[in-house]
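Let's take a walk through a protein fold together. Have the structure open and turn it around as you read.

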Amino acid sequence: GLIVEIGRRALRVACAQASRWPGSIRMAVNVSPVQFELSDVAADIAAALSETGLDPARLDIEITEGIFVTNLAATIEKLEAIRRMGVGIALDDFGTGYSSLAYLGRLPIDKIKIDQSFVRRLPADREAQAIVATVMSLARVIDKAVIAEGMETAEQAGLLAATGCQT
């Protein structure tokens, strides 16, 4: 159960730090599935924003597909409450967990993060190229931004930029 308190603390520290940065810089904070299930994450986010004065539009909460394993309706309700605050929501490590394309278009998320396990295999691995291109195509249709994690080379950056991915 310590993850709930650790998560709250991490959120407050991250928001405090981001509030001292130039206004164009956003902060992303991961929220664990356990923290999401056991606490009122929306209230924790609201408290951190209030305490630090951080503009909600400068914060992204990153979630993994694991949060959708339990009560989907309650999870969506929490995500919608977070979005109503003006906070962005990113689906982290997409494609590595409990992926369900049936839910993807209905989820109240703003961004999809392509997992580094695919990105690091670029550009040599044709399968990884196909997965990235497919995620980008799907994201365009359902109007979601895409971020790739684990990019390390100029060649990877070029390939990702060519697909329209925000690297």
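Lys113 has a relative accessibility of 9%, and since buried means under 20%, this lysine counts as buried. Keep in mind that you are looking at a predicted model. You'll find Lys113 in strand β4. Leaving aside residues up to four places away in sequence, Lys113 touches Glu62, Ala90, Leu91, Asp92, Asp93, Phe94, Ile147 and Glu149. Leu91 is a nice one to look up: Lys113 and Leu91 are 22 residues apart along the chain, yet their C-alpha atoms are separated by 5.8 Å.

Two of those contacts deserve a visit of their own. Glu62 sits in strand β2, and Asp92 sits in strand β3. Here are the three residues side by side, each with its strand and its relative accessibility.

| Residue | Strand | Relative accessibility |
|---|---|---|
| Glu62 | β2 | 9%, buried |
| Asp92 | β3 | 5%, buried |
| Lys113 | β4 | 9%, buried |

What does Glu62 touch, apart from its close neighbours in sequence? Its contacts are Ala28, Val29, Asn30, Val31, Ala90, Asp92 and Lys113, not counting residues up to four places away. With the same kind of neighbours left out, Asp92 touches Asn30, Glu62, Ile63, Thr64, Glu65, Lys113 and Glu149. For a contrast in distance, try Glu62 and Ile76: they are 14 residues apart along the chain, and their C-alpha atoms are separated by 14 Å.

**The sheet**

Now zoom out. In which order do the strands line up? The five strands form an open sheet in the order β1-β2-β3-β4-β5, paired in parallel. β1 (27-30) and β5 (145-148) are at the edges with a single partner strand each, so one side of each has no neighbour in the sheet. The sheet isn't flat like a board: ignoring direction, neighbouring strands are turned by 30° against each other on average.

You can trace the pairings one at a time. β2 and β3 run parallel and are joined by four bridges, with Asp60 having Gly88 in β3 as its bridge partner. Going on, three bridges join β3 to β4, again in parallel, and here Ala90 has Lys111 in β4 as its bridge partner. Then β4 (residues 111-114) is linked to β5 by four bridges, with the two running parallel. In that pairing, Ile112 stands opposite Val146 of β5.

Helix α1 (residues 2-19) packs on this sheet, where it touches β1 and β2 (59-63), and its direction makes about 175° with that of β1.

Why is β3 (residues 88-94) described as largely enclosed by the rest of the structure? Six of its seven residues are buried, so there is the reason. β3 also takes part in a right-handed β-α-β unit, together with β2 and helix α4 (residues 72-84).

**A helix with two faces**

Next up is α3 (residues 41-52). You can check its length yourself: at 1.5 Å a residue, its twelve residues should span 16 Å, and its end C-alpha atoms are indeed 16 Å apart, which agrees. Which of its residues are buried? They are Val41, Ala42, Asp44, Ile45, Ala48, Leu49 and Thr52. These cover an arc of only 160° around the axis, which puts them on the same side of α3. Why can residues scattered along a sequence end up together like that? An α-helix has 3.6 residues a turn, so residues three or four places apart point the same way.

The buried residues of α3 are covered by elements including α1, α2 (33-38), β2 and α4. On the face turned away from that buried side, α3 carries the exposed residues Ser50 and Glu51. After α3 comes Gly53, with a positive phi near 75°.

**Two oddities in the loops**

Most residues other than glycine have a negative phi, and most peptide bonds are trans. Two spots go against those trends. Leu122 and Pro123 are joined by a cis peptide bond, with omega at about -5°, and Pro123 is in the loop between α6 (116-119) and α7 (126-141). The other spot is Asp143, a residue other than glycine with a positive phi, near 60°. Asp143 lies in the loop between α7 and β5. Buried or exposed? With a relative accessible area of 68%, Asp143 is exposed.

Definitions and conventions. Residues are numbered from 1 along each chain as its sequence is written. This is a predicted model: local features need pLDDT of at least 70, side-chain atom pairs count only at pLDDT 80 or more; totals for chains, interfaces and linings use all residues. Side-chain values use heavy atoms; hydrogens and water are left out. Two strands pair if DSSP finds at least two bridges between them. Axes are lines fitted to C-alpha atoms, for helices over the stretch in contact, and angles run from 0 to 180 degrees between N-to-C directions. Contact means heavy atoms within 4.5 Å. Buried means under 20% relative accessible area, exposed over 50%, partly exposed in between (1.4 Å probe, protein chains only). A crossover is right-handed if, with the strands pointing away from the viewer, the path from the first strand over the helix to the second runs clockwise. The expected span of a helix is 1.5 Å times one less than its number of residues. The arc is that of the directions from the helix axis to the C-beta atoms.
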